[in-house]
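Please open the structure in your viewer and keep the sequence panel beside it, since this tour moves from one selection to the next. At each stop, make the selection first and then read what is to be found there.

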Amino acid sequence: MSITPEKLKYCNSHEWAYVADVSTGIATIGISAFAVEELTDLVFMALPKVGQTVTAGGEFGEVESVKAVSPMYSPVSGTVVDIHSALVDKLETLTVDPYNEGWIIKVKMSDPTELDRLLDWETYKKQCSH
Amino acid sequence: MELPAQCDSSASLSFFKWKQDTYSHSKRVLKFLHPTLYFGLAGPTTVNGSVLEAEQLFVDKANFFMSSQLAATPLLAWHQAHGARMAEFANYQMPIQYAGIVSEHNATRTAVGVFDISHMGRLRFDGPRADQLLDHLLTRRVVDMQTGQVRYSLICNVEGGILDDVLVSCLESPSGKNYFLLVVNSSNRAKIVHWLQPHLADFPDVEFHDVTDATAMIAIQGPKAIELCKPLLPASALTLGYYRAKVTDQMSKPCMVSRTGYTGEDGWELVVKAEDAARVWESIMMAGREFGVQPVGLGARDTLRLEAAMPLYGHELDETVDPYQAGLGFACNLKDRIFVGSEALIQKSKDSMIQKRVGLILDGRRAARQGAEIFDTDSRLVGQVTSGSFSPTLDKPIAMAYVNPSVAIVGTALDVDIRGTKVSSVIVQLPFYKRPQSL
């Protein structure tokens, strides 16, 4: 099943969250195509460890391009249950498919209502066009 | 996440970005991240890059921004029309990148890149004693310069600290008069012009003009740069040797051509009248099409100069650094000369205890940025990074740094603290990149 940007929820800070199955309480997290394009020339990504807790709006990792370092902020609070460690060695995946193959971490949410505070695609898109 | 600074054509406060500083401090400080600093182009010793209390800084910066108009180069419209990401640098609205830093970097290394460097300060000195005035101010001898010669030099204060690094050219105008052109860093232009004033008063017969705004400066760099210019420049200019310059004409308009650059590649730097800039730029882009020419922004200009180990003011150089520390002793002619700073420099030239500029290659993929601390294998602090980036040519992170003389030896293993993580590195011979010598 392919995830399209319309199905995702976004932070102002360009991370997205997607809940495939509400009953699991697990959110997949990544960064938007807009962010990837703005960063350009990615060279490094630092990921959290499985079991680490993250908080909504808190830093969970960082991504580095040739000339800039950008922290990544979690859209939701919870515990990291999976990390996409293979992504670190093929960051170009993010340019091609940031919403499926380019997922970054999966978080078991402690408060799924936090999702309601995120932006929908239309609102996020509008924010990027400013 | 926070994205690199960019701006649209309307100058807005979005030029400036906030970033939570995650460097080695345990206590988080909010750092006002100037976009040029973000791109590693401005030093922390300048007002722009200093870490201050966020609130106060916001107010200061907002006032500064509102009250000052950004300068534009004569090529601003071209950059905007061609999708450049713009940011403020030294109070100019400058292109940071077009296609992307790596793409532009590689184009310059393998083919040819074209750079708008009109923000660089251009200062002209006329009159029979212009050479003596400059000889009094520059660390490099000027009085023996031949027409057509270019020299790299430093300007030091009385204490021997570096005020700027410059190129001085001895030129002949079309009317047959000799004059000197001094190209200074844009961030230092106002300081140098101010610094010149009392000395100009001592040489009333020297005519001084800041010609920066009246002119534009374009660099054409890369293995195809010479070929690209064949249809554009007179034959007499095309045969200029390295570090030679000439006032010539381009399509019957005056043009100063020099065989110089800031990339480690062969190439040209042109100075033309501001009103001719767009036409000259377009003709270069046209002539370069068959070679795969790319416009190059300040982002790749920085990675290119770093690979070539060329110092950048605000990073490797500032008023607290002396030429010997920076490895620029060659630019100081101390013998039989008295110039501003010469007495201090004689002392400094004998000091073997000072930190030295070295090059590091780091393990992994993360780059160390300016200010990252360097430790020896016994965890003793031995130095600090001045410039760091991922090197597109080497496909590894590289850095220039000042380290204690005891460890400033090629092959020494050192640890660099990258935002709290120690990363292994080794000192290598500078430059990181040297162009293949043509036969």
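Begin by selecting Leu154(B) together with Asp165(B), which stands opposite Leu154(B) in strand S9 of chain B. The model is a predicted one, and every stop on this tour should be read with that in mind.

**A run of strands in chain B**

Widen the selection to the two strands around this pair, S8(B) and S9(B), which run antiparallel and are joined by seven bridges. The hairpin that they form has five residues between the strands, and within this hairpin Gly160(B) takes a positive phi near 90°.

Now keep S9(B), residues 162–172, and ask how many of its residues are buried. Of the 11 residues in this strand, 10 are buried, so S9(B) is largely enclosed by the rest of the structure.

Next, add strand S10(B), residues 178–184, which runs antiparallel to S9(B) and is joined to S9(B) by six bridges. To see how the two strands line up, select Cys170(B), which stands opposite Phe180(B) in S10(B). The hairpin of S9(B) and S10(B) also has five residues between the strands, and there Gly176(B) takes a positive phi near 90°.

**Thr139(B), in a loop**

Go back along chain B to Thr139(B), whose place is in the loop between helix H5 (130–137) and strand S8 (150–156). Is Thr139(B) buried or exposed? Its relative accessibility is 0%, and a residue counts as buried when that value is under 20%, so Thr139(B) is buried.

Show the side chain, and you will find a polar contact of 3.3 Å that joins Thr139(B) to the side chain of Ser153(B), while the side chain of Thr139(B) also reaches the backbone oxygen of Ala331(B) at 2.6 Å. If neighbours within four places in sequence are left aside, the residues in contact with Thr139(B) include Leu154(B), where the tour began, as well as Cys156(B), Cys332(B), Asn333(B) and Phe339(B). For a sense of distance, select Gly121(B) as well: Thr139(B) and Gly121(B) are 18 residues apart in sequence, and their C-alpha atoms are 19 Å apart in space.

**Asp126(B), in a strand**

Select Asp126(B), which lies in strand S7 (residues 121–126) of chain B. With a relative accessible area of 12%, Asp126(B) is buried, and its side chain makes a polar contact of 2.7 Å with the side chain of Arg124(B). Beyond its neighbours within four places in sequence, Asp126(B) is in contact with Asn178(B), Tyr179(B), Asp205(B), Val206(B) and Glu207(B).

**Helix H4 of chain B**

Select helix H4(B), residues 101–110, and colour Ile101(B), Glu104(B), His105(B), Ala107(B), Thr108(B) and Arg109(B), which are buried. To find what these buried residues pack against, show strands S5 (92–97), S6 (113–116), S12 (215–221) and S16 (294–296) of chain B, along with helix H10 (298–307) of the chain.

**Across to chain A**

Display both chains and look at where they meet, a contact that takes 27 residues from chain B and 26 residues from chain A. Between them the two chains bury about 2,300 Å², with 51% of this area on carbon and sulfur atoms. Select Met1(B), Leu3(B) and Arg369(B), for these three residues supply 31% of the area that chain B buries against chain A, more than any other three residues.

Now show chain A by itself, which has three helices and nine strands, running from the N terminus on as β-β-β-α-β-β-β-β-β-α-β-α. Its C-alpha trace spans about 40 × 35 × 30 Å along the principal axes. For 130 residues a compact globule would have a radius of gyration near 14 Å, and the 13 Å of chain A agrees with this. Buried residues make up 55% of the chain.

Finally, pick out the open sheet of six strands in chain A, whose order is S1-S2-S3-S9-S8-S5 and whose pairing is antiparallel. Strands S1 (9–10) and S5 (53–54) of chain A stand at the edges with a single partner strand each, so one side of each is left without a neighbour in the sheet. Within the sheet, select S3(A), residues 26–31, and S9(A), residues 105–109, which pair in the antiparallel sense over four bridges. The last selection is Ala27(A), which stands opposite Val107(A) in S9(A).

Definitions and conventions: Residues numbered from 1 in each chain as written. Chains lettered and ligands numbered in written order. Predicted model: local features only at pLDDT ≥ 70, side-chain atom pairs only at ≥ 80, totals over all residues. Heavy atoms only, no water. Pairing = 2+ DSSP bridges. Buried < 20%, exposed > 50% of the residue type's maximum accessible area, 1.4 Å probe, protein only. Polar contact = N/O pair within 3.5 Å; in protein donor to acceptor, adjacent residues only side chain to side chain. Contact = heavy atoms within 4.5 Å. Rg over C-alpha atoms; globule rule 2.2 N^0.38 Å. Buried area = accessible area lost by both parts, 1.4 Å probe.
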